[in-house]
Amino acid sequence: MSFAPTSSSGTDSSNKKQRIHGQNEIEGKEYFPSVPKITYKGPDSTDPLSFRYYNPEEEIMGKKMKDWLRFSVCYWHTFRGKGADPFGFPTMKRSWDDESDSMENAKRRANAAFELFTKLGVEYYTFHDRDVVPEGSTLAESNANLDEMADYLKGLQDKTGVKLLWATQNLFSHPRYMNGGFTNPDAHVMAYACAQVKKVLDVNHKLGGENVVFWGGREGYQSVLNTDIKREIDHMAQVFKMAIKYKEEQNMTAQFLIEPKPREPTKHQYDYDAQTTIAFLKAYGLDNDFKLNIEPNHTTLAGHDFEHDILFASKYGMLGSVDSNTGDPLLGWDTDQFPMDIKKAALVMGIIMDQDGLGSGGLNFDCKVRRESTDDVDLFHGHIGAMDTFARGLRIAAKIRQDGTLSDMVKERYSSFDSGFGKELEEGTVTLEECEEYIQEHGEPQQRSGKQELYEMILNRFL
């Protein structure tokens, strides 16, 4: 099905040679003609196509806002999502997408994508291999398509300055992967998944991708009756070891990231949450080669609070990147909504500030507009709102740290471990017998309030 472009901009040679506000330089067609370059206009702005809090060049505690935040747009929801959900068919028709599996359509989609990236002022993007090109009837055909598109994307990156944050392999959509990729009970399928990983590593390297993500959408089980769990997890670890070996042999530098998720589409996914995934990496000796890409919507699906996995990964030096989205607590699936909760954004940005940024990672908007939000401009509204939310969260987190009240209260709460017997206890230099002697001498501990309500009240001063 085709859908005519809404733009009436000309296609003469002067338009082809000139980019205006992210205008497509190759076709001379602008797919978002009503959207200007998004700029910072300050907190009093009522223009929905402006930033109220995100001022990319402004410095906050020694870094530019854009360097703290490192925003990224995901390709799959933004340029492949059409509004379908478990109960309904697609609702969105995009002017740049004729619904075909042609390379021409894939390139036109890329043109629209880079126009959105540049108009938003976002410096990074992410994709699955099957997002950017159609899958062929053979691996060789799929790889040829990916090679052709990699050249095309490289040209767009060079023209716009937009960079690849990370690429990943789709090992969950094709029927061959119905029982998983790395954990499939069929060695033939596992080998196919490995071949797909190799190609993604090559393409990511060619495009200068700063990370590579491994998300195991079907790396889990539906029933324990037909599953050898230990063998499957061993196989998954073996794939990661092969990937590390290939990366080293090819002198690649991208950071490897695993993205935890507890369930969906499988009933139980092996990389359930941050703690489970860190334990897996340490058990198989992979923790020096991998970090985590945390998606808060996955965290809440695991029964944790929004910031939980980000905090745990950071505390153990394993936070590499964040897929910045949120879910709906009244819906039981991965709704991938744009994050608009300022309090949660402040908590997350505080964690990121405490580890001095995300390094090669970023805040990638793994988000989709709602099924009912069918206008092209809604894509901008979602991203602008989320970018402002995290920018405001950054400003709040900086004020909290400059004020110091909350951190001082936490330090005081644990002060009994800073000296004397408590310090020895924390350092592991006392025995159980010595603990018993200490209690016999000092008696019952004094009750100390946790003062949660006071902490919450103080946090609200900054919001």
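# Figure legends: overall fold and close-up views

The accessible surface of the protein amounts to about 21,900 Å², and carbon and sulfur atoms hold 51% of that area. The structure shown is a predicted model, and the values in every legend are computed from that model.

**Figure 1. Overview of the 463-residue protein, with 17 helices and twelve strands.** The secondary structure is made up of 17 helices and twelve strands. The radius of gyration is 24 Å, close to the 23 Å from the globule rule for 463 residues, so the protein is as compact as a globular protein of that length. The C-alpha trace spans about 90 × 60 × 45 Å along its principal axes. Buried residues make up 51% of the 463. Among contacts with a separation of 6 or more, 75% are between residues 24 or more positions apart.

**Figure 2. Close-up of Asp-129 in helix 5.** Helix 5 covers residues 129–132, and Asp-129 belongs to it. Is Asp-129 buried or exposed? Its relative accessibility is 2%; because buried means under 20%, Asp-129 counts as buried. Two polar partners of the Asp-129 side chain are shown. A polar atom of this side chain lies 2.9 Å from the backbone nitrogen of Asn-170. The side chain of Gln-196 is joined to that of Asp-129 by a polar contact of 2.9 Å. With residues up to four places away in sequence not counted, Asp-129 touches Asn-170 and Gln-196 as well as Leu-146, Thr-168, Gln-169 and Val-200.

**Figure 3. Close-up of helix 8, with Ile-229 and the pair Glu-249 and Lys-245.** Helix 8 runs over residues 229–249 and includes Ile-229. Ile-229 is partly exposed, at 30% relative accessibility. Together with Val-224 and Leu-225, Ile-229 makes a nonpolar surface patch of about 310 Å². Also in helix 8 are Lys-245 and Glu-249, four residues apart, or about one turn of the helix. A salt bridge links these two residues, with 2.5 Å between the closest N and O atoms. Glu-249 has a relative accessible area of 46% and is partly exposed.

**Figure 4. Close-up of the salt bridge between Glu-264 and Lys-261.** Side chains of opposite charge can pair when their charged atoms come close. Here the side chains of Glu-264 and Lys-261 meet at 2.9 Å, N to O. How does the exposure of each partner read? Glu-264 is partly exposed, with a relative accessible area of 27%, whereas Lys-261 counts as buried at 3% relative accessibility.

**Figure 5. Close-up of the salt bridge between Arg-448 and Glu-412.** The closest N and O atoms of Arg-448 and Glu-412 are 4.0 Å apart. Arg-448 lies in the loop between helix 16 (432–442) and helix 17 (452–462), while Glu-412 is in helix 14 (residues 405–413), so the pair ties together parts that are 36 residues apart in sequence. Glu-412 is partly exposed, at 47% relative accessibility. Elsewhere, Glu-57, Lys-64, Lys-66 and Glu-123 are joined into one network by salt bridges that share partners. A search of the whole structure gives 34 salt bridges.

**Figure 6. Close-up of Ile-400 in helix 13.** Helix 13 covers residues 377–403, and Ile-400 lies in this helix. Ile-400 has a relative accessible area of 11% and is buried. Which residues does Ile-400 contact, leaving aside its neighbours within four places in sequence? They are Leu-406, Leu-459 and Phe-462. The C-alpha atoms of Ile-400 and Arg-461 are 9.4 Å apart in space, and the two residues are 61 residues apart in sequence.

**Figure 7. Close-up of Ala-391 in helix 13.** Ala-391 also has its place in helix 13. The relative accessible area of Ala-391 is 0%, and the residue is buried. Leaving aside neighbours within four places in sequence, Ala-391 is in contact with Tyr-53, Tyr-54, Met-65 and Leu-69. Ala-391 and Asn-55 are 336 residues apart in sequence, yet 8.0 Å apart in space, C-alpha to C-alpha.

Methods:
Residues are numbered from 1 along each chain as its sequence is written. This is a predicted model: local features need pLDDT of at least 70, side-chain atom pairs count only at pLDDT 80 or more; totals for chains, interfaces and linings use all residues. Side-chain values use heavy atoms; hydrogens and water are left out. Helices (H or I, at least four residues) and strands (E, at least two) are DSSP runs, numbered from the N terminus. Buried means under 20% relative accessible area, exposed over 50%, partly exposed in between (1.4 Å probe, protein chains only). A polar contact is a pair of N or O atoms within 3.5 Å; within protein, one must be able to donate a hydrogen and the other to accept it, and residues adjacent in sequence count only if both atoms are side-chain atoms. Contact means heavy atoms within 4.5 Å. Patches are made of residues with over 30% relative accessible area and no salt bridge: like charges are joined within 9 Å, nonpolar side chains (Val, Leu, Ile, Met, Phe, Trp, Tyr) within 5 Å. Accessible areas come from the Shrake-Rupley method with a 1.4 Å probe; for residues, only the protein chains shown count as cover. The radius of gyration is taken over C-alpha atoms; the globule rule is 2.2 Å times the number of residues to the power 0.38.
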